[in-house]
Protein chains: 2
Amino acid sequence: MELDQRKVVILTTIIKNYLETGEPVGSRTISKYSGLNLSSATIRNEMSDLEEMGYILQPHTSAGRIPSDKGYRFYVDQLMESHQHEIDDVKTEMFEKVDRLETTLKTLVKNLAQNTNYAAVVTGPSIRTNKIKFIQTSLVDSKRLLLVIMMQGNIVKTATVLLDGSEELDFNRVLSINMLLNDELSGLSVEDITEGRLAQLLARTNHKETIKAIVSSIVDVLDIKFGDSQIYTSGATNIFKYPELTESDNASKLISAFETKDELAALVKGAEERGEGKRPIQVYIGDESPLQNMADCSVVTASYELGNGLKGTIGVIGPKRMDYEKVLEILSKLQSEMDQAFK
Amino acid sequence: MELDQRKVVILTTIIKNYLETGEPVGSRTISKYSGLNLSSATIRNEMSDLEEMGYILQPHTSAGRIPSDKGYRFYVDQLMESHQHEIDDVKTEMFEKVDRLETTLKTLVKNLAQNTNYAAVVTGPSIRTNKIKFIQTSLVDSKRLLLVIMMQGNIVKTATVLLDGSEELDFNRVLSINMLLNDELSGLSVEDITEGRLAQLLARTNHKETIKAIVSSIVDVLDIKFGDSQIYTSGATNIFKYPELTESDNASKLISAFETKDELAALVKGAEERGEGKRPIQVYIGDESPLQNMADCSVVTASYELGNGLKGTIGVIGPKRMDYEKVLEILSKLQSEMDQAFK
DNA sequence: TGTTAGCACTCAAAATATTGGAGTGCTAAC
DNA sequence: GTTAGCACTCCAATATTTTGAGTGCTAACA
């Protein structure tokens, strides 16, 4: 059977109506609002076809129809087509304009949640692949060094290094250690700090123990798992606005995912990687998402790039009957707002 | 009417039973489990008295009784009495043993939620009253300084200072600026940084614009509102385990409080201040809590002290039928664990 | 005088029955 | 190909009944 123009109109009408109301849509409703001027009986015939083709389904006999995942997929693909220019715009360059990335991301995620009325998640660039700009240590007391690392994009990480006290340090020695560290390590990412590098470093100093402790701290701070990578969420409570996400213990599971964040991080990062080379906005509908908990949700992700390989992701999580059109629009709007913020 | 021994036993039995089951308790149950060897009829007479006195109430005629807030209050006060030694123990000194306070607090709050099955919240010491240990700035590029501040308790804050470029800086100039800053500001809290201080500082330097920018950054970073002060939460989803907190849109409100955190911060801080000079553990039952959203909850808070005026609070939020005994116990246990952690 | 058995009564919650209406599929006529 | 009409289905809302836990009161008892 073929999906002709009339069927497309009917399918779209069903979906749009269902997005608004969340109730199954009956033939009479479509007959009235599709603009096709067909009687409900005719519509019924077409709906029967659409159901057979898998685009819509009945929750039970004698109920109206609701879109299936396949139906949503068709709708979203169509939408992506017609918003192509906006979508391609999202990828943007804002490297080095960043001053307080953290603050910006927090604001961003908040706006996103408020504007969409869905839950929002934003990840900052991964530090694992980010490169060290400079390193600085300073003496806190006889057994402690304060370690400050600045990464590309002006992201700062700090740690305290505990010393065993076997090597005496003073201001000048710390200064030379700093010079050595910067000389050897700046421009590298954690992944670049190999055994070989370390050996090379140690060959150039008398303070071997101290250097060992510092480097191990550096790796510690930067070599963190998914879960700990910068991830901000907002609007988790928005899911309470959609009954289909709240029934039984769905709500509990979803909220829990937002509380622990690592599942979310994996989801969003996964989207980023899978999106490699593809369009920068991706939509997962229901089961398409890799997460069990999200089987009743749709997830829309957009990646952004700060340049120099620093990438992050913005995501919106809501019910399957999400207002996809609005979400796509907002994602591209936020992009330009971020541009403003980093001017 | 007097609350004699027998009435106390009955009241306690009602409360304990209700804590376990969450269901109204009837006279027959008490007759069986109180150990009093009285018939249900006698118990009924006593319950009638207890109700008149306001310790218990009936959700509706011909239902069993549940504790009123007054009843809970009586029970908790009694409990506090018998656990006095544990409770007084909670106040502890761990100043300067702290190495990564942040990590510890995160672990603490997680443990607390897991052990109690309630929601947990922990606040770090307020930075406003914390004193500066040392300050360090370093040149990032011609228009940017990296500012690192270490506070008492080895809490580190960083910021980037934007310069207008009117004053040229080099390594040695930054060094002298650092010395000056430490000389003038270390040992002070933000509250101590007055106009007078600033003037005094400026009198000693040629880099007036730079110093102004730096000090304003320092104040910015440290002089933050309640909401931004260190606050960690965990186990918000535990509230789904208690139906009485989930019905209608209670859950939504509670979870939302956990998401935004500032209300929570206010609650917990408030407890800390109101607890000034009193016992270090406090219990708020239902309406006793200053927060609307928490009217159906009980909140137990304990304050800890790192010494030198650095105080924080640990809180547990759960249903009114909270296992108060267990919570009090766990709070004192966690305290000793923290001691261990900081050895 | 305090305790208890017994009984009539109450009321929420669970189980069951009733109804209404939105929606469908099918058929026959246009 | 389109449509009116009709019998049929089934959810959801409402009403009804049943059940049982619990109460208060009274009268008898130790």
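A polar contact is a pair of N or O atoms within 3.5 Å; within protein, one must be able to donate a hydrogen and the other to accept it, and residues adjacent in sequence count only if both atoms are side-chain atoms. With that in hand, let us look at how this model holds its DNA.

This is a predicted model, in which local features need pLDDT of at least 70 and side-chain atom pairs count only at pLDDT 80 or more, while totals for chains, interfaces and linings use all residues. Residues are numbered from 1 along each chain as its sequence is written, chains are lettered from A and ligands numbered from 1 in the order in which they are written, and side-chain values use heavy atoms, with hydrogens and water left out.

**The two protein chains**

Chain A superposes on chain B (least squares on the C-alpha atoms of residues with pLDDT of at least 70 in both) by a rotation of 180 degrees with 0.1 Å of shift along its axis, at an RMSD of 0.1 Å. That is the relation of a two-fold axis. Of the interface residues of chain A, 100% are also interface residues in chain B, so the copies meet through the same surface; contact here means heavy atoms within 4.5 Å.

**DNA strand D**

A residue is near a strand if one of its heavy atoms lies within 4 Å of it. By that rule 19 residues surround DNA strand D, the closest being Arg6(A), Thr42(A), Thr61(A), Ser62(A) and Ser27(B). Among the atoms of this strand within 4 Å of the protein, 77% belong to sugar or phosphate and the rest to bases. Helix H3 (40–53) of chain A and helix H3 (40–53) of chain B each supply at least two residues of the surface near strand D, and H3(A) gives the most, with four residues. Helices (H or I, at least four residues) and strands (E, at least two) are DSSP runs, numbered from the N terminus.

**DNA strand C**

Around DNA strand C there are 19 residues, and the closest are Ser27(A), Arg6(B), Thr42(B), Thr61(B) and Ser62(B). Here 80% of the strand atoms within 4 Å of the protein belong to sugar or phosphate, and the rest to bases. H3(B) gives the most to the surface near strand C, with four residues. By class, that surface has four nonpolar, eleven polar and four charged residues, where Ala, Val, Leu, Ile, Met, Phe, Trp, Tyr, Cys and Pro count as nonpolar, Asp, Glu, Lys and Arg as charged, and the others, Gly among them, as polar.

Some of the polar contacts to the DNA are set out here.

| Protein atom | DNA atom | Distance |
|---|---|---|
| Ser39(A), backbone N or O | phosphate oxygen, strand D | 3.1 Å |
| Ser62(A), side-chain N or O | base oxygen, strand D | 2.9 Å |
| Ser27(B), polar side-chain atom | phosphate oxygen, strand D | 2.6 Å |
| Arg44(A), polar side-chain atom | base nitrogen, strand C | 3.1 Å |
| Arg44(B), side-chain N or O | base oxygen, strand C | 3.3 Å |

In addition, a backbone N or O atom of Ala63(A) lies 3.5 Å from a sugar or linking oxygen of DNA strand C.
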